[in-house]
Amino acid sequence: MHGHSPISLKAAAIRGGVRNSIAHDSAAKHATGAAVYIDDIPEPAGTLHAAPGLSARAHARVRSMDLAKVRAAPGVVLVLTAADIPGANDVSPIGAGDDPVFARDVVEFHGQVLFAVIAESHVAARCAAKLARVEYEDLAPVLTVDDALQANSFVLPEHVMKRGDAAAAIARAPHRLKGAFVHGGQEHFYLEGQASLAVPMEDGDVAIHCSTQHPTEVQHNIAHVLGRPNNAVTVECRRMGGGFGGKETQGSQWAAIAALAAVKLKRPVKCRLDRDDDMIATGKRHDFRIGYEVGYDDQGRILGIDFHHAARCGYSADLSGAIADRAMFHADNGYFFEAVRIRSQRCKTNTVSNTAFRGFGGPQGMLGVEEVMDAIARERGLDPLDVRRANLYGDAPRNVTPFHMEVEDNILPELLTQLEESSAYRARRQEITQWNRENAYLKKGIALTPVKFGISFTTSHLNQAGALVHVYTDGSVHLNHGGTEMGQGLFVKVAQVVAEEFQIDLDQVKITPTNTGKVPNTSATAASSGSDMNGMAAQAAARKIKQRLTEFAAEKYKVKAEDIAFLPNRVRIGNQEVPFKDLVKQAYMGRVSLSATGYYRIPKIHYDRETASGRPFLYFAYGAAVSEVMIDILTGEYTLTRVDILHDAGKSLNPAIDLGQVEGGFIQGMGWLTSEELVFDEQGRLRTHAPSTYKIPTCADRPADFRMQLLERPNREETIHRSKAVGEPPLMLAISVFRAISDAIASIADYRVLPHLDAPATPERVLFAIEEVQARVEAAE
């Protein structure tokens, strides 16, 4: 028996395995302020601070730049310009060469970086940066989507996706509509701004602590700027204070500035942006102009549809190609189109280069088709929900997307039925209609909208992940993988996967910072794929070690491998049980490797962009929301009074974390569509660059009645423990808020017209839409 206990008939469960509602690993630290972010890392002796010098023009030639007073300012050690870069003056994510670290001869947006000041303190650097004397020769700026379309100004070629003959189908349809609307962008407003700390190492190498969703890209871009191989740069990130896509590509420039200065001066350099500079100089969600023409039958079922997407990309490509493509992939949302054409134009403007933001184009595409659904409902005098139901994907042949992918896992019809019943939608619709007839100045609105969101990177090679697992001789485990933690709970979920695999308590798994020196060539933590990919990679690493332990135990204890089972914190070997840590120690003494890498690549996906066809997604995540609002038609002010959400998370790895993502995503989406307004003036200057002028939702904006539920159903695809991604899809549930506001306004005309309401639906825009509807009613009378 080797001195161990006999077999136990009753096994206690481990603490913290998968499908348990475990608190975020840093929850207590977040609440108490003990969580260490980049600016909290103790500064090494001699640390200097960097601040950028920004352009005061949106589009101009730089005639001269006098930095003498900057260099002479108190505390200034170095001033960097494009001339100081030994490698490439570019941090573009796709190698396009259109994202300079420092602009040289021409500036292309207000707030573009011209130089950087390195000083003894952050304040000294910022003060000195204001002393530059720059002479500009102004050029005509292109600022809006309409400006760009008129000037034929684009960062990338247009792209078309189609199936069938949309024009012919529309022409044959008994009913037709045309329309267009505009929705705004969105500032990420992560609580921790862009921040990097660069520490010089031997031989001109550099180590970077960076608040980034993509450590590998930061590593590669810094190496590119320094003219060094990738192995000269190591990037580490323990956590971000929020990312939302704004730290997928946007962190490279600030990290490169810090790294360049650190290597030149052989002193640590920190670059942390002031909030105003951060908002002015970093990209946002793309705003779109969406036009449509649609043909449909008496029941509102779409027979043919033609979309025109025009996205404001800013001055450079960044990730705009993939974002605009994903908007096209989601132009259908959960609806089948017999014939469809989607034309997408990627507009170049003299504004900051827009970038990834939670949903990555998907919300913009979905918003367009939901406008169409309401337009059809108003024209036909139908409940918008009935029009949505009539157009849902179904069985073959009504299961093929505009990009020729079959929808195999469609659960929207039953999900909508469940939510419709649990939310009492039909009864509330009748009550609201009656309320609106009886109340002249306060109007209610209600809307139920679905979400179908594709999961995987649409850039196929990014669909891979790696992990590193060590088991130490005391049975404790060290876990590292390529995913990054930005508050979404990825780290605790992957740790739960490893704990489950070894059948040890979660507190035995040490979560460690993402580090390019441990797991190389990683993809960004984006596309809602963090748990899917890194969870599978970590599981693969743990299984390698588990297999070695099994083989060792079988040989040592002279039993068959199938007679060995990992039980909670112990291993059954034949007819006896050995504590996990004891078996690990024995394996070490037996010279068994207790370290392993794991790798995962998402299967089945393929896509031919030339023909706009294939399977870009492994599966879809689904959800639906019912939102109810009340508006004051005299002021345009409104209140969100109740929300019901049913969201598909597969077999959730951690229901508490997932519900937090559903709630947070919904509120962030609500902010995008209601209060968060980006205002650029005629000179291309962002005027809403601080919390005083840019309004994100607060606790008071959360509905008093907020009901959330996860649809616990296994993913039909072989994902990690049959779970589904939950980072991005909930944001689009907030489209129901926008549509409910429109519904309330439409009640003024007895639901016969679609209000002209652009997003965000600020009280001013709501009031304008009310006045426009009232004018149409009066004209009709």
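Which residue in strand 29 is the bridge partner of H647? Select H647 and strand 29: the partner is L710. Before moving on, note that this is a predicted model, in which local features need pLDDT of at least 70, side-chain atom pairs count only at pLDDT 80 or more, and totals for chains, interfaces and linings use all residues. Residues are numbered from 1 along each chain as its sequence is written, and side-chain values use heavy atoms, with hydrogens and water left out.

**Stop 1: strands 28 and 29**

Select residues 638-648 for strand 28 and 705-711 for strand 29. Helices (H or I, at least four residues) and strands (E, at least two) are DSSP runs, numbered from the N terminus. Seven bridges join these two strands, and they run parallel. Two strands pair if DSSP finds at least two bridges between them. Now add residues 655-674, which are helix 17. Strand 28, helix 17 and strand 29 form a right-handed β-α-β unit. Right-handed here means that, with the strands pointing away from the viewer, the path from the first strand over the helix to the second runs clockwise.

**Stop 2: the five-stranded sheet**

Next, show strands 7, 15, 14, 13 and 8. They make an open sheet in the order 7-15-14-13-8, with mixed pairing. Strand 7 (154-163) and strand 8 (175-183) are the edges; each has a single partner strand, so one side of each lacks a neighbour in the sheet. On average, neighbouring strands are turned by 10° against each other, direction ignored. Zoom in on strand 8 and strand 13 (residues 288-296): nine bridges join them, antiparallel. Pick G179, then find its bridge partner in strand 13, Y292.

**Stop 3: the three-stranded sheet and its helices**

Move to strands 21, 22 and 23, an open sheet in the order 21-22-23 with antiparallel pairing. Strand 21 (564-567) and strand 23 (576-579) are its edge strands, each pairing on one side only. Neighbouring strands of this sheet are turned by 25° against each other on average, direction ignored. Four bridges join strand 21 to strand 22 (residues 570-573). Label A565 and its bridge partner in strand 22, R572.

Now show helix 16 (residues 580-589), which lies across strand 21, strand 22 and strand 23 and runs at about 80° to strand 23. Helix 15 also lies across strand 21, strand 22 and strand 23, at about 125° to strand 21. Axes are lines fitted to C-alpha atoms, for helices over the stretch in contact, and angles run from 0 to 180 degrees between N-to-C directions. Contact means heavy atoms within 4.5 Å.

**Stop 4: helix 14 on helix 15**

Keep helix 15 (residues 530-557) and add helix 14 (residues 490-502). They pack at an angle of about 30°, with axes 9 Å apart. Helix 14 and helix 15 are therefore roughly parallel (angles under 35 degrees). Contact residues include L490, V494 and F502 of helix 14, and G530, A538 and I545 of helix 15. By class, this contact has eight nonpolar, five polar and four charged residues. Ala, Val, Leu, Ile, Met, Phe, Trp, Tyr, Cys and Pro count as nonpolar, Asp, Glu, Lys and Arg as charged, and the others, Gly among them, as polar.

**Stop 5: helix 10 and helix 11**

Finally, select helix 10 (residues 362-380) and helix 11 (residues 384-391). Their axes come within 8 Å and cross at roughly 120°. From helix 10, E370, M373, D374, I376, A377 and R378 meet P384, V387, R388 and N391 of helix 11. This contact has five nonpolar, one polar and four charged residues.

How values were computed
Parallel < 35°, antiparallel > 145°, perpendicular 65-115°, else oblique.
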